[in-house]
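Open the model in your viewer and keep the selection panel at hand. The tour goes from one selection to the next.

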Amino acid sequence: MAVRHAGVFTHLSDLLALRDGTLLASSGSGISRFDGTTWTTHAYPEWWTMCRRRSGMFQSVDGSIWFNFEEEEAQPAQLILNQTERFRTIRHRAETTPPDTRITLHLKRVAQPGNTHISWSAHDPWGDSPSEEIQYSWRLNDEEWSAYSHDTSRTFLNLPSGSHALEVRARDRSFNVDPVPDRIVFTVIPPIWVQTWFIALFASFSALIVVLVWLYVRARERHLLEQQRAREEHLKEVDQMKTSFFTNISHELRTPVTLISGPLKRLLETESDEQKRTLLSMALRNATRVWTLATQLLDFRRLEQGQMEVVPVYGHVAPHVSETVGLFQEMARTNRVECRFVCEEEFEGWFVPETLKKIVQNLVGNAIKYTAPDGEVTTVLSDTVVAGERMLMLAVEDTGSGIAPEYLPRIFDRFYRIPEESIVDGSGIGLNLTKELVDLLGGSLQAESPIHDDPSRPGARFTVMLPLDGSAPGEDEERRGRDDG
Ligand code: ADP
């Protein structure tokens, strides 16, 4: 049998199992002790070597260990109880004071990536065990104790973040273990991105950025809104300026145009020469156009300023409409358009004659204007009931060029003219004025096109619905007057 002793295998002379469970092995190189995990070489002074056959070890009941040597190999003993000519015996009583362990070097706070070096040492009170013979065992975070070794330091690598506890205990040559291991607690600082202050800072920073972005977006939206408002305001101003300019001009125009129309009418009545009559009619027609335009612009002004007079009357509606359509017969004849008025059944109701006439004028005038020669314009008047309310229904339809679907939603806009129609004279205010007048009376105005299957004459239909039961402003007084009468 061979025993590993200080790195060298030498012949074993004796083995002794001690009561504390450890094992003594003696050889020519010294006596070693085995605790079940590690071998401790030089467990006893180095000169206690036992190479001869008659050497041996024993443990007596009081725990003392007896070492027997042959004479020539024995050195002077400290305690020699039995000396014969050839043998010496040493009775060894182990001292029982354990060493005192101290952790000498460590950091309390360990930075990432959690590597730390910790050193320790121990003091044997009686100096029985030289410091290099003292062994140490350690454990981290209450895990298993490590095997005893002579290492007096250790580098721990990649420790996880958080708090850690390290305990170290020392054992002397007599296997007395320090009953109170030294203990230290240290912290591995977590990575910066999981530290509370960093998270708080990051959250605040993110929140700040969000707030700044939000403020920027809001400021930008406000700015755009203000710009848009300013633009709208400006457009409104321009619109108002335009209207008021035209209004003033219109006002100035109406008097001279009236003065031109009067003599022209008188001349037409007396003139028999056909050529002169044609010229006079043309002059009168254009004077009337100027007068109508001037009146329309003045109406705008009145509408905008809320000065449009709306006085409903009760009576037959058809005569008023028929008379207005009749005014367009001359124009229709010139354009070679047949202009008809249809009212199958007379009816009475509350209506505002002046405003209704203006509505009819605009719709019939447009219908004739946008209908090619040999076409037809029909104005149909009737009363009807919608959702329990009696309504006046006026439909002006023609066989003209019609209105393409993409333009239909815009024809009621002020100054809007369909591009293709710009060859026909116009100002783009007639339908807008008509719509505003209809709105003022609490009614509705709708346009449809095409209304005929013939693609060369698709035509258009404008339908006006107005309340007949007196929902227009001023109705109460009028109704009361009628009821009293
Ligand atoms: P305008 O002075 O140009 O006639 P309006 O406001 O009366 O202005 O009409 C707006 C546009 O609607 C016209 O330019 C025209 O293109 C179109 N429109 C109006 N009435 C008719 C109709 N009966 N048939 C075809 N197009 C029409």
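Select Gly306. This glycine follows helix H2 and has a positive phi, near 65°. The model is predicted, so read each stop as computed geometry.

**Helix H2**

Now select residues 274–304, which are helix H2. How far apart are the end C-alpha atoms of H2? They are 45 Å apart. At 1.5 Å a residue, the 31 residues of H2 should span 45 Å, so the two values agree.

Go to the start of H2 and show Asp273 with Gln275. A side-chain oxygen of Asp273 comes to within 3.3 Å of the backbone nitrogen of Gln275.

Next, colour the buried residues of H2. Among them are Leu280, Ser281, Leu284 and Ala287. Further along, Ala294, Thr295, Gln296, Leu297, Leu298, Asp299, Phe300 and Leu303 are buried too.

What do the buried residues of H2 pack against? Show helix H1 (196–270), helix H4 (329–335), helix H5 (353–369) and helix H6: these are the partners.

**The five-stranded sheet**

Move to the sheet. Five strands make an open sheet, ordered E18-E20-E21-E23-E22, with mixed pairing. Select 338–342 for strand E18 and 444–448 for strand E22. Both stand at the edges with a single partner strand each, so one side of each has no neighbour in the sheet. Look along the sheet: neighbouring strands are turned by 15° against each other on average, direction ignored.

Zoom in on strand E21 (residues 389–398) and strand E23 (residues 461–467). They run antiparallel and are joined by seven bridges. Which residue of E23 is the bridge partner of Met393? Pick Met465.

**Helices on the sheet**

Add residues 318–326, helix H3. H3 packs on the sheet and touches E18, strand E20 (376–386) and E21. The direction of H3 makes about 175° with that of E18.

Then add residues 430–440, helix H6. This helix also packs on the sheet, touching E22 and E23. The direction of H6 makes about 140° with that of E22. H6 links two stops of the tour, since the buried residues of H2 pack against it as well.

**Zoom out**

Show the whole protein chain. It holds seven helices and 23 strands. Of its 485 residues, 39% are buried. Turn on the surface: the accessible area comes to about 28,200 Å², and 55% of that belongs to carbon and sulfur atoms. Last, draw the contacts between residues at least 6 apart in sequence; 59% of them join residues at least 24 apart.

Definitions and conventions: Residues are numbered from 1 along each chain as its sequence is written. This is a predicted model: local features need pLDDT of at least 70, side-chain atom pairs count only at pLDDT 80 or more; totals for chains, interfaces and linings use all residues. Side-chain values use heavy atoms; hydrogens and water are left out. Helices (H or I, at least four residues) and strands (E, at least two) are DSSP runs, numbered from the N terminus. Buried means under 20% relative accessible area, exposed over 50%, partly exposed in between (1.4 Å probe, protein chains only). Contact means heavy atoms within 4.5 Å. Accessible areas come from the Shrake-Rupley method with a 1.4 Å probe; for residues, only the protein chains shown count as cover. Two strands pair if DSSP finds at least two bridges between them. Axes are lines fitted to C-alpha atoms, for helices over the stretch in contact, and angles run from 0 to 180 degrees between N-to-C directions. The expected span of a helix is 1.5 Å times one less than its number of residues. A polar contact is a pair of N or O atoms within 3.5 Å; within protein, one must be able to donate a hydrogen and the other to accept it, and residues adjacent in sequence count only if both atoms are side-chain atoms.
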